[in-house]
Amino acid sequence: MSSPEDAAARTPIIVEGRRDDPPPRAQTGSRIPSQPLFKDLSVSTSTGVAGLTPGSGMTPDGDRVHKRTTRSCSSSSKDVGKQASCLLLQAQAARLQNEIPEATDIYRFLVSSEQFNPAERLAGGTELHNLAKSTGNETLREEALIRLLDSKVLDEVQQASARRTLVDLALQRGDKPLAVERLEQHVADEDADAQSVANLAILRRESGASGATALMRRAIDSITAIGGDVPQGWLDFVAANAPE
């Protein structure tokens, strides 16, 4: 099974087409069709039934009534266009039929393809994440978060939440090196939350890496700057004055 990072680096190719389009047909033999091209000889008018009034010179073709049904796709969001809406509906239909791989590929295509606008990519990534959670697929959940971060459609709060979740998922499966790597990326942001900075300090000390005490001091400073209560464990961590 490939890693979430490898899966997020690939974008599925989706070929679209209308299901009701007739298949192409080759004309063989004589070029003169043996059957008439038009079988429905009833009158067609853009004026509706108003043209069939007394004295108009037009009469309806028997008692037949013709009904035309037009299918289209739309979204409640004005930022999500027709193509993206149709793909989202197609994915929803696939999920109802328990065709999870098809729905997954559609969402991957939406979130990762630059042909869609940020709102459409965000919709695809969000649905991919929701699908992963509903099916209990933690690997796919990681992939969805990575794709959302790579697409740059999340705001700052959402980005921070996605990065913290990726750290938690790595820790849950016991992959501390990956958790540290992801936490390093998150903490590189000067506005990173104090809890994440403190967590990185703890993981660094556990692995014997340097800089743990400096990181914990940074976390403490972030809390005191806003007048918050610093956890006693953080103070004890610095007081231990472990060698850097």
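Start with helix H3 and the company it keeps: in this predicted model, the buried residues of H3 pack against helix H2 (82-96), helix H4 (118-135) and helix H5 (138-151). Which residues of H3 are buried? They are Ala-103, Thr-104, Ile-106, Tyr-107, Arg-108, Phe-109, Leu-110, Val-111 and Ser-112. As for its length, H3 covers residues 100-112, and its 13 residues reach 18 Å from the first C-alpha to the last, close to the 18 Å expected at 1.5 Å a residue. Two of those buried residues, Ala-103 and Ile-106, turn up again in a separate core of 18 residues, which also includes Leu-88 and Ala-132.

Now hop over to the largest nonpolar core, which has 23 residues. Helices H6 (156-172), H7 (176-187), H8 (194-207), H9 and H10 each chip in at least two of them. Which members touch the most others? That would be Met-216, Ala-219 and Trp-234. Take Ala-219: leaving aside residues up to four places away in sequence, Ala-219 touches Ala-194, Val-197, Ala-198 and Trp-234.

That last partner brings us to a pair of helices. Two packed helices are described by the angle between their axes and the distance between the axes. For H9 (residues 212-225) and H10 (residues 232-239), the angle is about 145° and the axes lie 9 Å apart. Their crossing is left-handed. On the H9 side, the contact is made by Ala-212, Thr-213, Met-216, Arg-217, Ala-219, Ile-220 and Ile-223, while H10 brings Trp-234, Leu-235, Phe-237 and Val-238. Sort these by class and you get nine nonpolar residues, one polar and one charged.

Technical notes: Residues are numbered from 1 along each chain as its sequence is written. This is a predicted model: local features need pLDDT of at least 70, side-chain atom pairs count only at pLDDT 80 or more; totals for chains, interfaces and linings use all residues. Side-chain values use heavy atoms; hydrogens and water are left out. Axes are lines fitted to C-alpha atoms, for helices over the stretch in contact, and angles run from 0 to 180 degrees between N-to-C directions. Helices (H or I, at least four residues) and strands (E, at least two) are DSSP runs, numbered from the N terminus. A crossing is left-handed if the near helix is turned anticlockwise from the far one by less than a right angle, and right-handed if clockwise. Contact means heavy atoms within 4.5 Å. Ala, Val, Leu, Ile, Met, Phe, Trp, Tyr, Cys and Pro count as nonpolar, Asp, Glu, Lys and Arg as charged, and the others, Gly among them, as polar. A nonpolar core is a set of buried Ala, Val, Leu, Ile, Met, Phe, Trp, Tyr and Cys residues joined through side-chain atoms within 4.5 Å. Buried means under 20% relative accessible area, exposed over 50%, partly exposed in between (1.4 Å probe, protein chains only). The expected span of a helix is 1.5 Å times one less than its number of residues.
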